[in-house]
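I am opening a notebook on a structure that is new to me, and I want to record what I looked up in the order in which I looked. Each entry takes up one topic.

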Amino acid sequence: MAIPMQDTDAALQARIDALTRDLEEARAQQTATTGVLKVISRSAFDLQPVLDTLTQSATTLCNATQGIIFLRDGDVFRAQVAAGAGPELVKHLHANPLKAGRGAVASRVALSGTVEQIPDVLADPEYALPALRRFTDTRAVLGVPLLRDGRIEGIFVLGRNEPGPFTERQVELVQTFADQAVIAIGNVRLFEEVHARTGDLSEALRQQTATADVLKAISRSTFDLKTVLDKLTESAATLCNAQYGLIFLRDGDAFLARASFPSDEDRLRASADYPRRPGRGSVASRVAHSGAVEQIPDISADPEYDLPDKYWFFGSARAVLGAPLLRDGRVEGIFVLGRFEPGAFTQRQVELVQTFADQAVIAIENVRLFEEVQARTREVTEALQQQTATADVLKVISRSAFDLKTVLHTLTASATLLCDATQGNINIRHGDVFCAESAVGADPALLEFLKDHPMKAGRGSVTARVALSGRTEQIPDLLTDREFSIPGLQQVTKARALLGVPLLRDGRVEGVFVLTRPEPGLFTERQVELVQTFADQAVIAIENVRLFEQVRERTHDLQEALEYQTATGDVLKVISRSIFDLQPVLDTLVATATRLCAAVVGHLAIRKGDAYRYVATLAADPAWDSAVRGRAFFPGRGTMAGRALLDGRVVQCDDLAADPEYDMPEAVALGKLRTVVAVPMLREGAPIGVITLGRQHVERFTERQIALLRTFADQAVIAIENVRLFEQVQAKTRELSQSLDDLRSAQDRLIQSEKLASLGQLTAGIAHEIKNPLNFVNNFADLARELLDELKAAIGEAGGSLSEGTRAEIDELAGMITSNLEKVAQHGRRADSIVKNMLMHSREGGGERRCVDLNAVVEESLNLAYHGARAEKQGFNITLSKELDPAVGKIDIYPQEFTRVLLNLISNGFYAAHRKKSDGGGPGFEPALGVSTRALPDHVEIRIRDNGTGISDAVKAKMFNPFFTTKPAGEGTGLGLSLSHDIIVKQHGGTIDVETKLGEYTEFIIALPRAGAPAAEAGGRS
């Protein structure tokens, strides 16, 4: 049956249109992805434009009506971006955050952590958000998780007004956009962390500056308490964003204001009429009652607060903070800060006020000591000397705030001098031991002994006892102390009396201040108190230096993080600008990583087949660079890159020269490498490459540097994946082009089939037209032969009147006519056979298609051919052999047509074998024919082999052509093999081949697909 040309063209055009749409869709997706990456690179620290672009792009490309991105907020997910949603829907989403569950697609994603779809919310029994139907007509929804380190950071949701699932391509596109959203969120998070650390650093620096100013005020106004308190009040109010500050000092059972900010002497004098006493009516009263820090975030909402407005210094406050000035557990004063806006003070602000309160206590204590010195005339000289020394120490502290060695030496020297000691040292904690950091008056032998014998907590020395008890310890006489047990110390020191004072910070012994004398005896209480004061100042100095070191370290960390962030941004720019050119990205990654990690050699290798090759290198030595670039290697223990790939994790070698497994000696000899780190590039947990950095000296790479390398490795994977996706798009484009070419070829085949069908119809018409005159020829030949017989009989009856010559001539002519008529009849019968075969050849097929037992069909055909040959020729005999594979089973074919093929091929085999025997096949030759079947994975095979004359190459080339035959005239039409070829190839979609050797054998090989011919349906008719 011919296929209409217009239908074929329409189907082909529809296919071309579909392929064109697919190509345009792929290009649109690629363009959108590129646009999103540009937005990410331009808005690295502004998340909203990135999320808006991602949502709008996904909504447009996936033919959705709405797009929403939810971000995690604790245990719920809040809508951050909504594209295509009306104001009422946006308001509803903001007011109703989602939790993990089954009631909505976003809830299901939060519960499972995987992609979820609801093809039709109206038909989903678990869908539990009917309220949304008031704001949206969405029927189909898709949810994709935003995953970061296996944790759901958000959910990407698309909605459509028509029911039905989203396609696999659309799901993959939304997953790509979700990954880009995670990258953008990570970038913003890093930026905010850097920004927060910068704020913390600035605040710490401001606090440190204020503390230094206060210490300067204390050192310069040692006995002017008012100045010190005013400075403390001003600094605390400024740093804590308070509008006013007050310091109350104890006066009997009450507390009076003694310093204020802003300074107002008239109000301070008037405040004597309004003392604060322990109670709950004000923040100062509460501190006086509890002895602890108190806050009132909003006095207008505090039911216990009852301080009248006339008691206020600077108008009505809302938020107030009070901190006690404690001395020996007793509240000596109260530090108060106030704000005009309600709200609690932060913990850091509270700690800062407590620090200032402690400094106020120190200032008050200094003044008290000074006043006691003045009150005691006998102690004036000594107290003055001690106070002068203390002032000198404070000056050193204020001038050398961050030079701890100078401060400790000054404290040691001053304490040694003022306490009539001959030797003094300060031991600082290092883990569990205490090492001498400053020593005055000690000879070299003692210094060496202290260096080699750090002290631990115990009872064997005065330092050990202080470390154990956490309080001041004395040894009046070293020679009579039974617990002293430091061998060798008595031989290097002349000390008899020892004093140890702890350097306490938050109740922990951070160091021990030690003084010694050559004479036995106790140090006086005043001397102990002086050393304790110096110890407190030493703690302040140590803390100042520690804070300074923290500030400097954080500044360095901040600068390093900023540099890393800038480098990461530059790499992302290169990725966005060279999204389809991988080499510039890899070169930039290697160069940036090498520079930021202080390395001299950098390599990046990616997988090429089963091996890995270095595709980007950076080395100062050109010889080493050329030796490595393009070099292939495999995962293994012989190289650091190989180990990282083998283990799938970061590996680092401190010194290649000492690594017994390392088998690349040229790295040490030529590259002069010592310390090497290798970071694998992982995609879905599998390594696809590795980044290697090397140094020419032994120095480990830091955790921060390794984290940076991990980031660069991830970016390299992203770049490689981008190129891979681009190449996939290119390959898909080529595949679509190939499909188009295949369609065109199919069209050509269809046209050719139409031509062949037309030719078959023409052949059938010609055969029908020839058959009628051929019948007349055959009939008239038979009739003429009968008439000739009658003529010969009539002549025989009248033979007496004819001469012998005439009779002989008539007989000769009659014989010639009879012979001619027999030839006419013979050729007529051959022509009739040709016409019948032409009609058979012109048919497209016949019979019913069904599943049959192939082995049974083959065996039946062999029996039919054998018995037919024996019936046709007397004495016919041939040896038959069968090898039928039981696994062949049933197959879908046209049994009638296929039996015709088998009979034809078997009969040809019989003919060839007997012809060889009749031609003298040699002594002992017996005709034989074998048939075998075999089951293969996707088709079955039938082989028919005879031991006949074989086929020459010239005949083999034309044997399947219609009307070609090698049999004598009258024995074959030349259409049998042609018909067999059409039945196997065209009707059944199989193949028919021949293997032969002239004079030895011929073997026909038929292969049939198990599914049957693709042109017809099983069980139908052809």
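Before anything else I fixed my terms: a residue is buried under 20% relative accessible area, exposed over 50%, and partly exposed in between. I also noted that what I am reading is a predicted model.

**Entry on salt bridges**

I began with Arg700, and by these cut-offs its relative accessible area of 48% makes it partly exposed. I found that Arg700 forms a salt bridge with Asp654, with 2.5 Å between the closest N and O atoms. Arg700 sits in the loop between β22 and α20, while Asp654 sits in the loop between β20 and α19 (665-669), so the pair ties together parts that are 46 residues apart in sequence. Asp654 also counts as partly exposed, at 35% relative accessibility.

I then turned to Arg465, which forms a salt bridge with Asp481, where the closest N and O atoms are again listed at 2.5 Å apart. Arg465 belongs to helix α13 (residues 462-469) and Asp481 to the loop between β14 and α14 (489-492), so this pair ties together parts that are 16 residues apart in sequence. Is Arg465 buried or exposed? Arg465 counts as buried, because its relative accessibility is 3%.

A third pair I looked up is Glu265 with Lys226, whose side chains meet in a salt bridge at 3.1 Å, N to O. This pair links distant parts of the chain, since Glu265 is in helix α7 (residues 265-270) and Lys226 in helix α6 (residues 225-239), 39 residues apart. I have both down as partly exposed, Glu265 at 35% relative accessibility and Lys226 at 25%.

For the whole model I noted a count of 39 salt bridges. I also recorded a network of salt bridges that links Arg934, Glu941, Arg943, Arg945 and Glu1003.

**Entry on helix α18**

My next question was why helix α18 (residues 640-647) should be called largely enclosed by the rest of the structure. The reason is that six of its eight residues are buried, and I listed these as Met640, Ala641, Gly642, Arg643, Ala644 and Leu645. Looking for what they pack against, I found the strands β18 (611-619), β19 (632-633), β20 (651-653), β21 (675-683) and β22 (686-695).

I then checked both ends of the helix. At the start of α18, a side-chain oxygen of Thr639 comes to within 2.9 Å of the backbone nitrogen of Gly642. After α18 comes Gly648, which has a positive phi, near 70°.

**Entry on a sheet**

I traced an open sheet of six strands, which follow the order β13-β12-β11-β16-β15-β14 with antiparallel pairing. Its edge strands, each of which pairs on one side only, are β13 (455-456) and β14 (473-475). Within the sheet I looked at β11 (residues 423-430) and β16 (residues 508-517), which run antiparallel and are joined by six bridges. In this pairing Asn425 stands opposite Val514 of β16.

**Entry on the surface**

Last, I asked which residues form a nonpolar patch on the surface. I found Phe780, Leu783 and Leu787, which together have about 290 Å² of accessible area. Of these I followed up Leu787, which has its place in helix α20 (residues 703-797) and counts as partly exposed at 47% relative accessibility.

Methods
Residues numbered from 1 in each chain as written. Predicted model: local features only at pLDDT ≥ 70, side-chain atom pairs only at ≥ 80, totals over all residues. Heavy atoms only, no water. Buried < 20%, exposed > 50% of the residue type's maximum accessible area, 1.4 Å probe, protein only. Helix = DSSP H or I, 4+ residues; strand = E, 2+ residues; numbered from the N terminus. Contact = heavy atoms within 4.5 Å. Polar contact = N/O pair within 3.5 Å; in protein donor to acceptor, adjacent residues only side chain to side chain. Patch = residues over 30% accessible without salt bridge, like charges linked within 9 Å, V, L, I, M, F, W, Y side chains within 5 Å. Areas by Shrake-Rupley, 256 points an atom, 1.4 Å probe, with all protein chains shown as cover. Salt bridge = Lys/Arg side-chain N within 4 Å of Asp/Glu carboxyl O. Pairing = 2+ DSSP bridges.
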